[in-house]
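Trainee: I keep meeting labels such as "buried" or "salt bridge" and would like to know what earns them. Could we go through some together?

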Amino acid sequence: LKVVSISGPVTIGNVDGQAEINSISGPLTIGDIGGKAKITSISGPLKVGRVGGELAIHSVSGSAEIERVAGRFSATSISGSFSASIDRLEESGISIRSVSGEVTLKFADEINADLTATSISGSVELRLANVVKDTSTGPSDTRARIGRGGPRILITSVSGSVRIDRS
C-alpha cells in the first residue's frame, strides 16, 4: 500500500503487507500493518496500531504513538512526543532521535540490550528489572546493560525526557 495525503485527516484500516505512507498537514491514524512500514507525518498527530515488520517513522510537528512493534525499529521525531511499545527486540536494535518532546519506550517482556540514552534538556528514566548503569554517566546521559546485554538501543533527545518501562 502506498498513500500520499496533503491537507486533511487520513484514516487507514489494517494493511496485510507493506505500507509507505506520507501525510502533510492533518491527523494520521493507521490500523495494524502486517509487514514492513515507512511512515512520514508532517504537522499532525500520528497513531499506528501493531506493526509486524520493520518500521521507520519520521514525524515533524505532532505526537507519534505506536501501539506495538515486532520488528526492526527506527524513528525521528521533531517537535512532538513519541511513544512506542515493543513486542520483541530485534538484533538490529532500536534507534530514536528526537529534537523536542518526550520519548517513551515500553517493552512487553524482559529484554537483553545495551542502552545509550541522552537528553540534553531532560532526564533519562529506566523502569526495568536487571539494569546495570555505567557509573560514569549522569541523569541526562545514560549507558546501561539491560539483562545480559545484546542489541543496541540508541535514543537521543535534545529537549525532552526519555522513559523506558514495561508495558
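**How the labels are earned**

Mentor: Sure, let's begin with Ile24, which has a relative accessibility of 39% and counts as partly exposed. Keep in mind that this is a predicted model.

Trainee: What makes Ile24 "partly exposed"?

Mentor: Put the value against the cut-offs: buried means under 20%, exposed means over 50%, and partly exposed is in between. Ile24 has 39%, so partly exposed is the right label. You'll find Ile24 in strand S3, residues 19–24.

Trainee: Which residues form a nonpolar patch with Ile24?

Mentor: Val4, Ile6 and Ile42 join Ile24 there, and together the four have about 370 Å² of accessible area on the surface. To be in a patch, a residue needs over 30% relative accessible area, and Ile24 has 39%.

Trainee: Next one, Ser25. What is notable about its phi?

Mentor: Ser25 has a positive phi of about 65°, and it is not a glycine. Most residues other than glycine have a negative phi. Ser25 sits in the loop between S3 and strand S4 (28–30). With a relative accessible area of 33%, Ser25 is partly exposed.

Trainee: Where is Ser61, and what is its phi?

Mentor: Ser61 is in the loop between strand S7 (55–60) and strand S8 (64–69). Its phi is positive, about 60°, although Ser61 is not a glycine. Ser61 counts as partly exposed at 39% relative accessibility.

Trainee: Let's do charges. How do you know that Arg50 and Glu67 form a salt bridge?

Mentor: The test is a side-chain nitrogen of Lys or Arg within 4 Å of a carboxyl oxygen of Asp or Glu. For Arg50 and Glu67, the closest N and O atoms are 3.6 Å apart, and the pair forms a salt bridge. Arg50 is in strand S6 (residues 46–51) and Glu67 in strand S8, so this pair ties together parts that are 17 residues apart in sequence. The whole structure holds 12 salt bridges.

Trainee: Are Arg50 and Glu67 buried or exposed, or what is the right label?

Mentor: Arg50 is partly exposed at 39%, and Glu67 is partly exposed at 43%.

Trainee: What makes Arg50 and Asp87 a salt bridge?

Mentor: Use the 4 Å limit again. The N to O distance for Arg50 and Asp87 is 3.8 Å, and their side chains meet in a salt bridge. This pair links distant parts of the chain, 37 residues apart: Arg50 is in strand S6, and Asp87 is in the loop between strand S10 (82–86) and strand S11 (94–100).

Trainee: Which Arg forms a salt bridge with Asp87 at 3.3 Å?

Mentor: That's Arg68, with the closest N and O atoms 3.3 Å apart. Arg68 lies in strand S8 and Asp87 in the loop between S10 and S11, so the pair ties together parts that are 19 residues apart in sequence.

Trainee: Why is Arg68 called buried?

Mentor: Buried means under 20%. Arg68 has 19% relative accessibility, so it gets the label buried. Its partner Asp87 has 29%, so Asp87 is partly exposed.

Trainee: Now the sheet. Why are S1 and S15 called edge strands?

Mentor: Start with the order: S1-S3-S5-S7-S9-S11-S17-S13-S16-S15, an open sheet of 10 strands with mixed pairing. Strand S1 (2–6) and strand S15 (131–133) each pair on one side only, and they are the edge strands.

Trainee: How do you know that S13 and S16 pair?

Mentor: Pairing needs at least two bridges. Six bridges join strand S13 (residues 113–121) to strand S16 (residues 141–146), and the two run antiparallel. One of the matches is Ala117, whose bridge partner in S16 is Thr142.

Trainee: What makes S9 a partner of S7 and of S11?

Mentor: Same test, at least two bridges. S7 and S9 have six, in the parallel sense, and S9 and S11 have five, also running parallel. Ile57 stands opposite Ala75 in S9, and Phe73 has Ile94 as its bridge partner in S11.

Trainee: Which residues make up the two faces of S9?

Mentor: Phe73, Ala75 and Ser77 form the covered face of strand S9 (residues 73–78), while Ser74, Thr76 and Ile78 form the uncovered one. In a regular strand the side chains alternate between the two faces of the sheet.

Terms used: Residues numbered from 1 in each chain as written. Predicted model: local features only at pLDDT ≥ 70, side-chain atom pairs only at ≥ 80, totals over all residues. Heavy atoms only, no water. Patch = residues over 30% accessible without salt bridge, like charges linked within 9 Å, V, L, I, M, F, W, Y side chains within 5 Å. Areas by Shrake-Rupley, 256 points an atom, 1.4 Å probe, with all protein chains shown as cover. Helix = DSSP H or I, 4+ residues; strand = E, 2+ residues; numbered from the N terminus. Buried < 20%, exposed > 50% of the residue type's maximum accessible area, 1.4 Å probe, protein only.
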